[in-house]
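Hi everyone, thanks for coming. Please have a look at the screen, and then I'll walk you through a few residues and how they fit together.

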Amino acid sequence: MLNCIDNSGASIVECVANLRMKRHAKIGDRIIVVVQKQRNFGEGSGPGGSSASTAAANKVRRGDIRHAIVVRTKKKLQRKDGMVVRFDDNACVLINKAGEPLGTRLTSEFPIIRSRSG
């Protein structure tokens, strides 16, 4: 189970496949997930609220199968400069098949992994 940290409408997702290899996913890996819990964006069904705006904000629904990228893991990651990165939870960002994020905002921090080329 992973937290979804964008505003696509998913709150908790479950990893069903790792597209990199058969082992566990690391930061930056592309995975396939199933949405387990949908995020509640406010009281759209209450009096005076519009359920159309809430439905438009949810781009995914419970049970949808989507692609995602892992952005945080509990497992320690050792960088080349010696720094060790570890987080309190596992988190991902939902993307489409072209690799573009489904949400427009990220709701918490994630590491920037830079590769040195040259």
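Let's start with R66, which sits in strand β4. When I say strand, I mean a DSSP run of E with at least two residues, while a helix is a run of H or I with at least four residues, and both are numbered from the N terminus. Before going on, please keep in mind that this is a predicted model, where local features need pLDDT of at least 70 and side-chain atom pairs count only at pLDDT 80 or more, while totals for chains, interfaces and linings use all residues. Residues are numbered from 1 along each chain as its sequence is written, and side-chain values use heavy atoms, with hydrogens and water left out.

Back to R66. Is R66 buried, exposed or partly exposed? R66 is partly exposed, and its relative accessible area is 27%. On this scale, buried means under 20% relative accessible area, exposed means over 50%, and partly exposed is in between, using a 1.4 Å probe and protein chains only.

Which residues does R66 touch, if we skip those up to four places away in sequence? They are I31, I32, V33, K59, V60, L94 and L102. Contact here means heavy atoms within 4.5 Å. Take V33 from that group: R66 and V33 are 33 residues apart in sequence, yet 5.4 Å apart in space, C-alpha to C-alpha.

R66 also has a charged partner. Its side chain meets that of D64 in a salt bridge, at 3.7 Å from N to O. The rule for a salt bridge is a side-chain nitrogen of Lys or Arg within 4 Å of a carboxyl oxygen of Asp or Glu. D64 is partly exposed as well, with a relative accessible area of 23%.

How many salt bridges does the structure hold? There are two. We've met one, and here is R72 with D89, where the closest N and O atoms are 3.0 Å apart. R72 lies in strand β4 and D89 in the loop between β6 (84-85) and β7 (91-95), so this pair ties together parts that are 17 residues apart in sequence. Their C-alpha atoms are separated by 6.8 Å. R72 counts as buried, at 6% relative accessibility. As for D89, leaving out residues up to four places away in sequence, it touches N3, R72, T73 and K74.

K74 brings us to the surface. Together with K75, K76 and R86, K74 forms a positive surface patch. A patch is made of residues with over 30% relative accessible area and no salt bridge, with like charges joined within 9 Å and nonpolar side chains (Val, Leu, Ile, Met, Phe, Trp, Tyr) within 5 Å. Where is K75? K75 lies in the loop between β4 (65-72) and β5 (77-78), and K75 is exposed, with a relative accessible area of 60%.

Now let's go to I95, in strand β7. I95 is buried, with a relative accessible area of 5%. Setting aside neighbours within four places in sequence, I95 is in contact with R30, H67, A68, I69, E100, P101 and L102. We can also link I95 back to our starting residue: the C-alpha atoms of I95 and R66 are 29 residues apart along the chain and separated by 7.3 Å.

Two more residues. R105 lies in the segment after β7 and is exposed, at a relative accessible area of 62%. Beyond residues up to four places away in sequence, R105 touches I5, D6 and N7. R105 and S8 are 97 residues apart along the chain, with their C-alpha atoms separated by 8.5 Å. Then there is S11, in strand β2 (residues 10-18), which counts as buried at 18% relative accessibility. With the same sequence neighbours skipped, up to four places away, S11 touches L2, N3, C4, K37, Q38 and R39.

Finally, let's zoom out. The protein has one helix and seven strands, running β-β-β-α-β-β-β-β from the N terminus on. Of the 118 residues, 31% are buried. Among contacts with a separation of 6 or more, 60% come from residues 24 or more positions apart. That fits pairs such as R66 and V33, 33 residues apart in sequence. Thanks for listening!

Key
Accessible areas come from the Shrake-Rupley method with a 1.4 Å probe; for residues, only the protein chains shown count as cover. Lys and Arg count as positive and Asp and Glu as negative; His and the chain ends are not counted. The place of a charge is taken as NZ of Lys, CZ of Arg, CG of Asp or CD of Glu.
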